Amino acid sequence: MDAAEQSLRQSLSEKSSSVESQGNAVRALKASRAGKPEIDAAIDLLNKLKLEKSAVEKQLQSTITSSGNGSLNREAFRQAVVNTLERRLFYIPSFKIYRGVAGLFDYGPPGCAVKSNVLSFWRQHFILEENMLEVDCPCVTPEVVLKASGHVDKFTDLMVKDEKTGTCYRADHLLKDYCTDKLEKDLTISAEKAAEFKDVLAVMEDYSPEELGAKLKEYGITAPDTKNPLSDPYPFNLMFQTSIGPSGLIPGYMRPETAQGIFVNFKDLYYYNGRKLPFAAAQIGQAFRNEISPRQGLLRVREFTLAEIEHFVDPENKSHPKFSDVSKLEFLMFPREEQMSGQSAKKLCIGEAVAKGTVNNETLGYFIGRVYLFLTRLGIDKERLRFRQHLANEMAHYAADCWDAEIESSYGWIECVGIADRSAYDLRAHSEKSGVALVAEEKYAEPKELEKLVINPVKKELGLAFKGNQKNVVESLEAMNEKEAMEMKASLESKGEVEFYVCTLGKNVIIKKNMVSISKEKKKEHQRVFTPSVIEPSFGIGRIIYCLYEHCFSTRPSKAGDEQLNVFRFPPLVAPIKCTVFPLVQNQQFEEATKVISKELTSVGISHKIDITGTSIGKRYARTDELGVPFAITVDSDTSVTIRERDSKDQVRVSLEEAASVVSSVAEGKMTWQDVWARFPHHSSAAADE
């Protein structure tokens, strides 16, 4: 806990005790009919102590708010953002006229445009620049694929039910809300209790169902809506189940991620790429998760857009030829050591982080750097962006290293991009389940005499022992890596049998010495065959867009100073509309010039909007500022126009013929507004703005 907060909580506890003690003293004096001067003096002291307690309370509330734990300012800001987004149709709840369904949203025209621009830049920044192979796979996925990936068995959250109404809640959310509410709103809790709540928030993701249930009971947490008792937590699979075909005999699911479509196509993509590594495949598409209790707007929804990259690399060489392009970048990083010791994120150079081993390898570091550049160029505030390393208890056993790009919003730090070195787990799992070898090859210039692992399952003995499951056991034995195989050999020789986990059966089996032969033989090899590792950056597009909305939102006073006007300060790169065109007054000559400019803007691919309403130019500027439009062309002559920049409200005058090309150059990044300001005459008008 923050030292200042701890000290203030301790002080408040002492002041509360003093007030209670002095209150008892006053009551005792009155009961004993003490003299008026003595009672008055005691009351004066009580009032003084109450004032001191109130001052500490205010100081503590201020400390909580300024340290990012307070909710009041955040909630007011969030409400202003969301109200503006919904009113201007960036997004709205789906099926609104039927009262909607939690976790489903529709993007309106400006929201669609922002999303399209973000995805367009994502393709340019990653797919084009890195020569990635883009694929587009079905959303409906057969059960066998997701069984192999582990989603059928493990893609769960812990759920509790209202024991009387049957309403379902996500168990960890109830515990998180309780602890957060206590920390933010209950100033009477002791410093020790506050530290306990913060510790619970830090480790709750690692709780077992039993531990989570025990905490809910310990704190007396009940159903939020009814205060009814809750069931014990139990796992709920988040995938939407379906059946493929009219017979209903092929079970399937709506995909919870896009990655599996890439993994199962690895063999064809590898051949398409000339059988060369490394290479990356990418996919943008919808994913589906049947969230228990969706909330937080676009941050936790049941259908969403993912953009995922699977970069396949030789596990023995995870260097990257372009790492030097990003190695000098510095940004906020939060390694696990700092998290465990209670420190904060700090700026680190990605090159140094890789050199010191904080980041596992160059390819992972390269993608962390590229993700940083992508997010900041979109308009994410670099001071509210950090890369947090997964703690050991968060990582899958097969992962080499994982980092999340987290963006700070009114909801706190939100995971928006995951960048993980998943080793060879996914390709091995699908190889084992499908029987198709998803491997790569490295041809040697000269044949090499190598000691090679040879695993010979004795199928007769395995058949007698496992009958219909023989094939699963054989495949798992043959898929063992050298370390696993040699450990099994040693155990079999010393004990005669060993427990062995077969992932396709989901259980351990007993392997006896007569069931498998394991040895090493020297052979001449012309090539090395191996399963590639995968570096996976996975982008939650909706989450990135929502955080972008918050980072770009601000208010400024109107010209009269009587109201606050909303402004979205989107970079031109992602702005839903790049430019508006206004005739200053309703005049046929000006309207004809407006049409000419509109045609030229269309021809150079600049999205724009014409506003010929009779409202004042100031109100028209305010309307477009609220949509985040960066430039406005005002037609006030048949030979020249003014161009206004949204953030500074500065205006320049350019000829009618140059208007479209100037806006196009700035919107596409070929010129900056400073270049325009230096090149063209400045324009000012007392009536031109708010």
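Here a trainee and a mentor talk through a predicted model, one question at a time.

Trainee: Let's start with the open sheet of six strands; which strands are at its edges?
Mentor: Happy to! The strands line up in the order β25-β24-β26-β27-β28-β29, with mixed pairing. An edge strand has a partner on one side only, and that description fits β25 (608–610) and β29 (682–683).

Trainee: Which helix packs on the sheet, touching β24, β25, β26 and β27, and at what angle to β24?
Mentor: Look at residues 588–603, which form helix α20. Besides β24 (579–583), this helix touches β25, β26 and β27. The helix is α20, and its direction makes an angle with that of β24 of about 165 degrees.

Trainee: Within the sheet, how many bridges join β26 and β27, and in which sense do they pair?
Mentor: Find residues 631–635 for β26 and 640–645 for β27. Across this pairing, Val635 stands opposite Val641 in β27. The strands are joined by five bridges, and the sense is antiparallel.

Trainee: Phe582 and Tyr621 form a ring pair; is it stacked, tilted or edge-to-face?
Mentor: Good one to work out. Phe582 lies in strand β24 and Tyr621 in helix α21, so the pair ties together parts 39 residues apart in sequence. Both rings are buried, Phe582 at 0% relative accessible area and Tyr621 at 1%. The ring centres are 5.6 Å apart and the planes are at 55 degrees, so the pair is tilted.

Trainee: And what kind of pair do Tyr91 and Phe105 make?
Mentor: Tyr91 is in strand β1 and Phe105 in strand β2, 14 residues apart. Tyr91 is buried at 3%, whereas Phe105 is partly exposed at 24%. With centres 5.5 Å apart and planes at 85 degrees, the pair is edge-to-face.

Trainee: Why is Cys416 not bonded to Cys547?
Mentor: Cys416 is buried, with a relative accessible area of 3%. A disulfide needs the two sulfur atoms within 2.5 Å. The closest cysteine sulfur to that of Cys416 is in Cys547, and it is too far for a bond because the separation is 3.9 Å.

Trainee: How many disulfides does that leave in the count?
Mentor: Cys579 is another case to check: its closest cysteine sulfur, in Cys552, is 19 Å away, too far for a bond. The count of disulfides comes to zero.

Trainee: Last one: is Arg386 buried or exposed?
Mentor: Arg386 is found in strand β14 (residues 385–389). Among the residues it touches are Leu332, Phe334, Asp404 and Trp413. At 13% relative accessibility, Arg386 counts as buried.

Methods: Residues are numbered from 1 along each chain as its sequence is written. This is a predicted model: local features need pLDDT of at least 70, side-chain atom pairs count only at pLDDT 80 or more; totals for chains, interfaces and linings use all residues. Side-chain values use heavy atoms; hydrogens and water are left out. Two strands pair if DSSP finds at least two bridges between them. Helices (H or I, at least four residues) and strands (E, at least two) are DSSP runs, numbered from the N terminus. Contact means heavy atoms within 4.5 Å. Axes are lines fitted to C-alpha atoms, for helices over the stretch in contact, and angles run from 0 to 180 degrees between N-to-C directions. Buried means under 20% relative accessible area, exposed over 50%, partly exposed in between (1.4 Å probe, protein chains only). Rings of Phe, Tyr and Trp (its six-membered ring) pair if their centres lie within 6.5 Å; planes under 30 degrees apart count as stacked, over 60 as edge-to-face and the rest as tilted. Lists of a residue's contacts leave out its neighbours within four places in sequence.
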